[in-house]
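Here are my notes for you, set out as numbered points. Please keep the sequence and the model open beside them as you read.

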Amino acid sequence: MSDKATLEVNGNKHDFPIIVGTENEVAIDIKSLRGVTGGVTTIDAGYKNTGSCESEITFLDGEKGILRYRGYSIEELAEKADFLEVAYLLIFGELPTKEQHDKFHADIKSKSIVDDDVRKIIDAFPKSAHPMGVLSSLTSALTAFNPSSVNVDSEADMYNSVVKILGKFPVLVAWTMRKKQGLPLDYGSNSLGYVENVLKMMFKQPNEDYVQNKIIVDALDKLLILHADHEQNCSTSTVRIVGSSHAGLFASLSAGISALWGPLHGGANQAVLEMLEAIREDGGDTKKYMAKAKDKNDPFRLMGFGHRVYKNFDPRARIIKKAADEVLADLGVDDPILEIAKGLEQEALNDDYFVKRKLYPNVDFYSGIIYRAMGIPTDMFTVMFALGRLPGWIAQWREMRLRKEPIGRPRQLYVGETLRPFKKIEKR
Ligand code: SDX
């Protein structure tokens with residue numbers, strides 16, 4: 001592999017260094033491009049070919065369907081780790097020892113109380129408000145109740161902010177759901193595990209004891225691990241670019257939640273269920289929806305299919321599909337939606353349009369089926385995605401600040417009007 005790339009512009013040749021990553025990915029470092037060419041830049045809508053940073057957190061290979069967090073395969077982590085272990089690994093770079101894990105959890109619990117005045121904010125939302133909009137607002141509001149900005153150069157300060165948001169975010173998630181349901185907003189119990197506590201805060205009925213269901217606890221723990229990070233996806237890039245202006249951690253996370261909300265991104269898990277429901281109500285006519293997905297004049301996309309990076313099966317989709325079978329069987333749930341999903345998947349995997357474009361099921365295709373079996377409302381699915389992605393966002397934000405990345409400010413190519421004189425209104 002040559003150590004430089006040569007670009008010829010206006011008859012002049014310019015060399016740019018080639019950087020090779022630890023997984024032998026190759027990048028051309030163009031930071032000197034404008035300077036040496038007298039102002040020439042690149043353009044790459046959606047950044048399909050452009051890297052924004054060097055990162056040590058997550059590696060994925062879209063062609064081979066590989067996903068690793070800090071070098072550990074997603075398959076092993078989903079099978080052998082718990083969500084807090086994975087959160088610690090993503091943020092601090094190593095799997096925690098038992099002592100570190102127990103202290104991490106204890107510190108998270110100690111910071112999990114949310115200022116009661118937050119209830120006044122959540123009370124102001126109409127029940128019709130989408131939970132992602134509520135959650136983004138509440139996360140941003142945390143800054144008002146926790147004004148101290150993060151001194152990223154202080155390990156203690158950074159650790160304190162991490163355990164604070166990991167403690168308070170699940171409370172905001174549970175309160176967001178319960179507010180819509182007209183249920184009291186309360187806390188779980190510090191005697192429970194992280195995921196068990198999330199479930200109790202979400203589902204405990206005021207007049208009943210809450211009985212944990214290990215199948216659901218294990219399924220949610222696995223789903224949160226599978227969603228925990230995914231390198232420079234839309235919402236993570238949002239968290240990084242907002243943080244690059246030295247905006248606070250909570251403000252950056254709030255922006256990430258808004259980016260994740262979009263149906264092309266994390267909002268797809270809700271859109272998948274709505275699509276499958278529509279197909280079921282339409283008599284299970286998957287062919288009609290396949291035709292819509294392929295019709296260039298129809299904005300409809302087959303939700304849960306396709307991916308910017310994976311041009312093979314999304315490894316998370318494989319794991320979630322297997323879990324969906326197991327969880328529904330263990331819960332004794334016979335959901336016709338699952339059969340429709342499997343039928344649609346088979347049709348798409350054998351359809352030339354999808355095969356040629358390498359469109360496979362992604363993380364969002366099956367996750368909603370499990371969330372629904374767990375009793376989570378459809379409009380809360382993307383909130384559950386955000387709960388899982390939280391440690392990844394924190395890890396990426398921390399890495400960006402520790403590496404002292406410059407403020408993100410892309411260039412553009414101007415294609416508008418050239419200079420023209422002002423016209424008085426009576427002359428227009
Ligand atoms: C997530 O980036 C991440 O890592 C995201 C994520 C994470 O963990 O953070 O993995 C989570 O967001 C998963 C993706 C969830 N979104 C959906 O399921 C929505 C449906 N998928 C599509 O909108 C689309 O596949 C995207 C947005 C996911 C990717 O779009 P790209 O990379 O911009 O690809 P594209 O739109 O250029 O599509 C290439 C071709 C086009 O056809 P042609 O113009 O070549 O004829 O494939 C077609 C597209 O029309 N296509 C689809 C399709 N996805 C792409 N056609 C029908 N149905 C689809 N789902």
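1. In this predicted model, the side chain of Lys 296 places an N or O atom 3.0 Å from an oxygen atom of the ligand. Two backbone contacts accompany that one: an N or O atom of the Gly 304 backbone lies 2.8 Å from an oxygen atom of the ligand, while an N or O atom of the Leu 264 backbone lies 2.8 Å from a ligand nitrogen atom. The ligand taken alone exposes 1,100 Å², and the protein buries 80% of that area.

2. Which residues are the closest to the ligand? Among the 25 residues that surround it, the closest are His 230, His 307, Arg 308, Arg 316 and Arg 389.

3. The next points turn to the aromatic rings. A pair of aromatic rings is described by the distance of the centres and the angle of the planes. The model has 14 aromatic pairs, and one of them joins Phe 92 and Phe 104, whose centres are 6.1 Å apart and whose planes stand at 80°, an edge-to-face arrangement. This pair links distant parts of the chain, since Phe 92 belongs to helix H3 (residues 83–92) and Phe 104 to helix H4 (residues 98–110), with their positions 12 residues apart in the numbering. Is Phe 92 buried, partly exposed or exposed? Phe 92 has a relative accessibility of 23% and therefore counts as partly exposed, because the buried class requires a value under 20%. Phe 104, at 0% relative accessibility, counts as buried.

4. Phe 305 and Phe 354 make another edge-to-face pair, with 5.9 Å from centre to centre and 75° between the planes. Here too the pair links distant parts of the chain: Phe 305 sits in the loop between helix H13 (286–294) and helix H14 (315–331), whereas Phe 354 sits in helix H16 (residues 352–356), and the two are 49 residues apart. Phe 305 counts as buried at 11% relative accessibility, and Phe 354 counts as buried at 2%.

5. Phe 305 and Phe 354 also belong to one aromatic cluster, together with Tyr 353, Phe 365 and Tyr 366. A charged residue joins the picture at Tyr 353, where Arg 357 lies over the face of the ring, at 3.7 Å from the ring centre.

6. The strands deserve a separate look. An open sheet is built from 3 strands in the order E4-E5-E6, and the pairing is antiparallel. Why do strand E4 (58–61) and strand E6 (72–73) stand at the edges? Each of these strands has a single partner strand, so one side of each is left without a neighbour in the sheet. Strand E4 is joined to strand E5 (residues 66–69) by 4 bridges, and these two strands run antiparallel. As an example of the pairing, Phe 59 has Arg 68 in E5 as its bridge partner.

7. Two further residues are worth locating. Asp 335 lies in the loop between H14 and helix H15 (336–349), and Asp 335 is buried, with a relative accessible area of 9%. The side chain of Asp 335 reaches the backbone nitrogen of Ile 337 at 2.9 Å. Thr 238, for its part, is found in helix H10 (residues 234–243) and is buried, with a relative accessible area of 19%. Computed along the sequence, Thr 238 and Leu 260 are 22 residues apart, and their C-alpha atoms are 9.3 Å apart in space.

Terms used
Residues numbered from 1 in each chain as written. Predicted model: local features only at pLDDT ≥ 70, side-chain atom pairs only at ≥ 80, totals over all residues. Heavy atoms only, no water. Phe/Tyr/Trp six-rings, centres within 6.5 Å; stacked < 30°, edge-to-face > 60°. Buried < 20%, exposed > 50% of the residue type's maximum accessible area, 1.4 Å probe, protein only. Lys NZ or Arg CZ within 6 Å of the ring centre and 35° of its normal. Pairing = 2+ DSSP bridges. Near = heavy atom within 4 Å. Polar contact = N/O pair within 3.5 Å; in protein donor to acceptor, adjacent residues only side chain to side chain. Areas by Shrake-Rupley, 256 points an atom, 1.4 Å probe, with all protein chains shown as cover.
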